[in-house]
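Here is a short report for a reader meeting this structure for the first time. Look at the sequence and the model, then read on.

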Amino acid sequence: MATPSKTPPGSDPKQLERTGTVREIGSQAVWSLSSCKPGFGVDQLRDDNLETYWQSDGSQPHLVNIQFRRKTTVKMLCMYADYKSDESYTPSKISVRVGNNFHNLQEIRVRTVMFCVFGHIVIKVLILTGGDFKLSFCEA
């Protein structure tokens, strides 16, 4: 008997990577967090295990900073959320800001997250003209 999929078809980043539709580039960046509880930091956020996670520990806003060593084309951001498991740690709003450094970030996307979210959240990071957005620094 198959286990029900937690992610709608076409939204699973691993499936998209296997088909060559996308390429995971997070390993090319330096990741940092505004805060985290011990044992719930960047390693747990990035470990591809749905049982581990980042848990913030401080006042809002809670930030994930992704810094690339050089300008990089980013087409989408993908994150997994499960409100039943995460409860108060599930974000209600995701703001994506990009720029060449921390001081010139511009908000390019805002996504409201429903409290019943269960699966991967995909945020397309394309400029309005449809081209790719090259960035050195991303904050979500």
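## The aromatic pair

The structure holds 1 aromatic pair. Its members are Phe40 and Tyr53, and the arrangement is tilted. The ring centres sit 5.3 Å apart, with 35 degrees between the planes. An angle of 35 degrees counts as tilted because stacked planes are under 30 degrees apart and edge-to-face planes over 60.

The pair links distant parts of the chain, 13 residues apart. Phe40 lies in the loop between strand E1 (29-33) and H2. Tyr53 lies in the loop between H2 and strand E2 (64-74).

Are these two residues buried or exposed? Phe40 is partly exposed, at 26% relative accessible area. Tyr53 is partly exposed too, with a relative accessibility of 37%. Neither counts as buried, because that label needs a value under 20%.

## How far to trust the model

This is a predicted model. The mean pLDDT of the protein is 76. A score of at least 70 is reached by 76% of the residues.

Confidence varies along the chain. It is highest in helix H2 (residues 42-46), with a mean of 93. It is lowest in strand E7 (residues 133-139), with a mean of 49. Residues 127-134 have a pLDDT below 50, and this stretch has 15 contacts in the model beyond near neighbours in sequence. Residues 1-9 stay under 50 as well. For them the model has 7 contacts beyond four places in sequence.

## Overall build

The protein has 3 helices and 7 strands. What order do the elements follow from the N terminus? They run α-β-α-β-β-α-β-β-β-β.

The protein has 140 residues, and 30% of them are buried. Its accessible surface comes to about 9500 Å². Carbon and sulfur atoms account for 52% of that surface. Now take the contacts with a separation of 6 or more: 61% of them join residues 24 or more positions apart.

## A closer look at Pro13

Pro13 belongs to helix H1 (residues 13-18). Its relative accessibility is 23%, so Pro13 counts as partly exposed.

Which residues does Pro13 touch, leaving aside its neighbours within four places in sequence? Pro13 is in contact with Val22, Cys78 and His120. His120 is 107 residues away from Pro13 along the chain. In space, the C-alpha atoms of Pro13 and His120 are separated by 8.0 Å.

Methods. Residues are numbered from 1 along each chain as its sequence is written. This is a predicted model: local features need pLDDT of at least 70, side-chain atom pairs count only at pLDDT 80 or more; totals for chains, interfaces and linings use all residues. Side-chain values use heavy atoms; hydrogens and water are left out. Helices (H or I, at least four residues) and strands (E, at least two) are DSSP runs, numbered from the N terminus. Buried means under 20% relative accessible area, exposed over 50%, partly exposed in between (1.4 Å probe, protein chains only). Contact means heavy atoms within 4.5 Å. Accessible areas come from the Shrake-Rupley method with a 1.4 Å probe; for residues, only the protein chains shown count as cover. pLDDT is the predictor's confidence in each residue, from 0 to 100. Rings of Phe, Tyr and Trp (its six-membered ring) pair if their centres lie within 6.5 Å; planes under 30 degrees apart count as stacked, over 60 as edge-to-face and the rest as tilted.
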